[in-house]
Amino acid sequence: MTPRAETAAPPVGDVRRFGTVQRWVHRTTAALMGVCVLTAAFLYIPQLAVLVGRRELVVRVHECAGLALPVPVLLGLASRALRADLRFLNRFGPHDKVWLRAALRRDRRPAARPAGKFNAGQKVYAAWIAGAAVVMLGTGLMMWFTHLTPLRWRTGATFVHDWLALTIGVVLAGHIGMALGDPEARRGLRTGMVSRTWADHEHPLWRP
């Protein structure tokens, strides 16, 4: 399935990877996730907790950022381009299995890692982080509104929330590390444009 062109023809040598809405949704979601992770660190790491004089304020910021986390994506669903990208992210094809096998073998040859607009690693990450965000929101609400659920539910929710938060932190660190190693991918999220050479090398099945 070939992505629909979002705008007029891009400059020679460059192709449009993301439009304004996709970049806005990514930046806003990343900012909210960053606030959640940062405030969680100040709440749970003793060396950081002692630096905070108003713990209750940090708790409220953490809760509000968590509640707001789905909002950018929900608002972005009004964009046809974003909906198309979500469909690409949610569809796995035979080439994605090939990509994952090559990744496990650490085979970095372009021919061994066929990918459309999004590679299999990006699809797995998107699915995992979306599911984790839903679980974090649900367990967080149970911890916040203590009168709505029995104690044993809240105890379980706290356990899941805390350990999943740690896992999210590790996964996000890996995600950021991958992004830091690919300046062209970062340019695509910053400006919407990538070089055709990069697109052909990293996403050979994508035809913008």
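A residue counts as partly exposed when its relative accessible area lies between the limits for buried, under 20%, and exposed, over 50%. With a relative accessible area of 47%, Glu 56 is therefore partly exposed. The views below show a predicted model.

**Figure 1. Overview of the predicted protein, with its 10 helices and 2 strands.** Read along the sequence, the elements follow the pattern β-α-α-α-α-α-α-α-α-α-β-α. The C-alpha atoms fill a box of roughly 55 × 40 × 30 Å when this is taken along the principal axes, and of the 208 residues in the protein, 32% are buried. Among contacts between residues at least 6 apart in sequence, 67% join residues at least 24 apart. The accessible surface comes to about 12900 Å², and carbon and sulfur atoms account for 68% of that area. The protein carries 28 positive and 12 negative charges, and the mean positions of these two sets are 4 Å apart.

**Figure 2. Salt bridges of Arg 60 within helix 3.** Glu 56 forms a salt bridge with Arg 60, in which the closest N and O atoms are 2.8 Å apart. Both residues lie in helix 3 (residues 55-68), where a spacing of 4 residues corresponds to about one turn of the helix. Arg 60 also meets the side chain of Glu 63 in a salt bridge, at 2.6 Å from N to O; because Glu 63 and Arg 60 are 3 residues apart in helix 3, about one helical turn separates them. Arg 60 has a relative accessible area of 37% and is therefore partly exposed, whereas Glu 63, at 16%, is buried.

**Figure 3. A salt bridge between helix 6 and helix 7, formed by Asp 96 and Lys 123.** The side chains of Asp 96 and Lys 123 meet at 2.9 Å, taken from N to O. Asp 96 lies in helix 6 and Lys 123 in helix 7, so the pair ties together parts of the protein that are 27 residues apart in sequence. Both Asp 96 and Lys 123 are buried.

**Figure 4. A salt-bridge network of Asp 14, Glu 184 and Arg 187.** These residues are joined into one network by salt bridges that share partners. In the predicted model as a whole, the count comes to 7 salt bridges.

**Figure 5. A positive surface patch that includes Arg 87.** The patch is formed by Arg 80, Arg 83, Arg 87 and Arg 91. Among these residues, Arg 87 is found in helix 5 (residues 80-90), and its relative accessibility of 36% is the reason why Arg 87 counts as partly exposed.

**Figure 6. Pro 94 in helix 6 and its separation from Pro 114.** Pro 94 has its place in helix 6 (residues 94-104), and because its relative accessibility is 65%, Pro 94 counts as exposed. Although Pro 94 and Pro 114 are 20 residues apart along the chain, their C-alpha atoms are separated by 9.6 Å.

**Figure 7. The backbone at Arg 106, in the loop between helix 6 and helix 7.** Most residues other than glycine have a negative phi. Arg 106, which is not a glycine, has a positive phi of about 60°. Arg 106 is found in the loop that leads from helix 6 to helix 7 (120-144), and with a relative accessibility of 73%, Arg 106 counts as exposed.

Methods
Residues numbered from 1 in each chain as written. Predicted model: local features only at pLDDT ≥ 70, side-chain atom pairs only at ≥ 80, totals over all residues. Heavy atoms only, no water. Patch = residues over 30% accessible without salt bridge, like charges linked within 9 Å, V, L, I, M, F, W, Y side chains within 5 Å. Areas by Shrake-Rupley, 256 points an atom, 1.4 Å probe, with all protein chains shown as cover. Salt bridge = Lys/Arg side-chain N within 4 Å of Asp/Glu carboxyl O. Lys, Arg positive; Asp, Glu negative; His and termini not counted. Charge placed at Lys NZ, Arg CZ, Asp CG, Glu CD. Buried < 20%, exposed > 50% of the residue type's maximum accessible area, 1.4 Å probe, protein only. Contact = heavy atoms within 4.5 Å.
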